[in-house]
Amino acid sequence: RMLREPQTARPSLLVAADRSLHFAQVDWSGKIRLGKQSRPLAGVNRPQLAATEVVLYLPPWAISPGSGAAFSRDAGGLEIVIGPVKFTAATQADQPGTLAGKIIAIHTDGVSREIGAEQMVLRAGASAAPFFRHARAGDEIAVEWTLTGLPQGLAFHQVRDAISAQPLLIRAGEKLPGSGSFWTTRHPRSAVAVHRDGRQAILVVVDGRSAKSAGMSLDSLTAY
């Protein structure tokens, strides 16, 4: 299940079904299907929402965003509560992952509500809300997604886990350059590396911002 869409410019660590590890700068595409209609999905568990977007929220995200200031301030948006949700994993190269269920309720009052363990919520901004104008409680609705830009020989249905981060410090054994305060200032850090055999991951955690540890710059972390 997707907990957050990949950040387009960030490298991702991918864990394949055969337990091999891969780095790639992946992208994604998401789609909402309601009856014979479909429209793009803008993101998953995203902390901001534009008026033109529809974003999916699901556990471990605890509550729907409503129209709170941290999310969308636009009037006229809506939230669609869906459940129970069934997840169908992709089993072949041209198949997306799918979350599907029936509409439980449609809310336009902008109030945040708890998301149940077997539920998901679609939040539509004001400009995107008309797509759902014919939706009613009991209608089936589905969300599909797939990853693109995967390494050669690795298909979407073979990816079991993925996490995005930035920046990339080392590629094929070569140190990559960087600049800016985030690179040069000492901070707490976390990093992951893949052994040349493609089967082992090395996790590094650096304490910082304390009297005992100031952290590391990314130059120092790369050298380490």
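This is a dialogue on reading several local features of a predicted model.

Biologist: Which strands form the open sheet, and in what order do they stand?

Modeller: Strands of a sheet pair through backbone hydrogen bonds, and the pairing may be parallel or antiparallel. In this predicted model, three strands make up an open sheet in the order E2-E1-E12, with antiparallel pairing. Strand E2, covering 21-24, and strand E12, covering 159-164, are the edge strands, each of them pairing on one side only. From one strand to the next, the twist averages 25°.

Biologist: How many bridges join strand E1 and E12, and which residue in E12 stands opposite Ala16?

Modeller: Strand E1, which spans residues 12-16, pairs with E12 in the antiparallel sense over five bridges. Opposite Ala16 one finds Val159 in E12.

Biologist: Turning to the backbone torsions, where are cis peptide bonds found?

Modeller: One cis peptide bond joins Pro59 and Pro60, with an omega of about 15°, and Pro60 belongs to the loop between strand E6 (54-57) and strand E7 (78-82). Another is the peptide bond from Gln166 to Pro167, for which omega is near -5°; Pro167 sits in the loop between E12, the edge strand at 159-164, and strand E13 (170-171).

Biologist: Which residues have a positive phi although they are not glycines, and is each of them buried or exposed?

Modeller: Asn45 has a positive phi of about 50° without being a glycine, and its place is the loop between strand E5 (43-44) and E6. Arg209, likewise not a glycine, has a positive phi of about 55° and lies in the loop between strand E16 (201-206) and helix H2 (218-223). As for accessibility, Asn45 is counted as buried because its relative accessible area is 6%, under the limit of 20%. Arg209, in turn, is exposed because its relative accessible area is 64%, which is over the 50% required.

Biologist: Which residues make the nonpolar surface patch, and where does Leu203 lie?

Modeller: Phe23, Val192 and Leu203 together make a nonpolar surface patch of about 280 Å². Leu203 is a residue of strand E16, the strand that runs over 201-206 and precedes the loop holding Arg209.

Biologist: Why does Leu203 count as exposed?

Modeller: Leu203 counts as exposed because its relative accessibility is 66%, and the term applies to values over 50%.

Key: Residues numbered from 1 in each chain as written. Predicted model: local features only at pLDDT ≥ 70, side-chain atom pairs only at ≥ 80, totals over all residues. Heavy atoms only, no water. Pairing = 2+ DSSP bridges. Helix = DSSP H or I, 4+ residues; strand = E, 2+ residues; numbered from the N terminus. Axes fitted to C-alpha atoms, helices over the stretch in contact; angles between N-to-C directions. Buried < 20%, exposed > 50% of the residue type's maximum accessible area, 1.4 Å probe, protein only. Patch = residues over 30% accessible without salt bridge, like charges linked within 9 Å, V, L, I, M, F, W, Y side chains within 5 Å. Areas by Shrake-Rupley, 256 points an atom, 1.4 Å probe, with all protein chains shown as cover. Salt bridge = Lys/Arg side-chain N within 4 Å of Asp/Glu carboxyl O.
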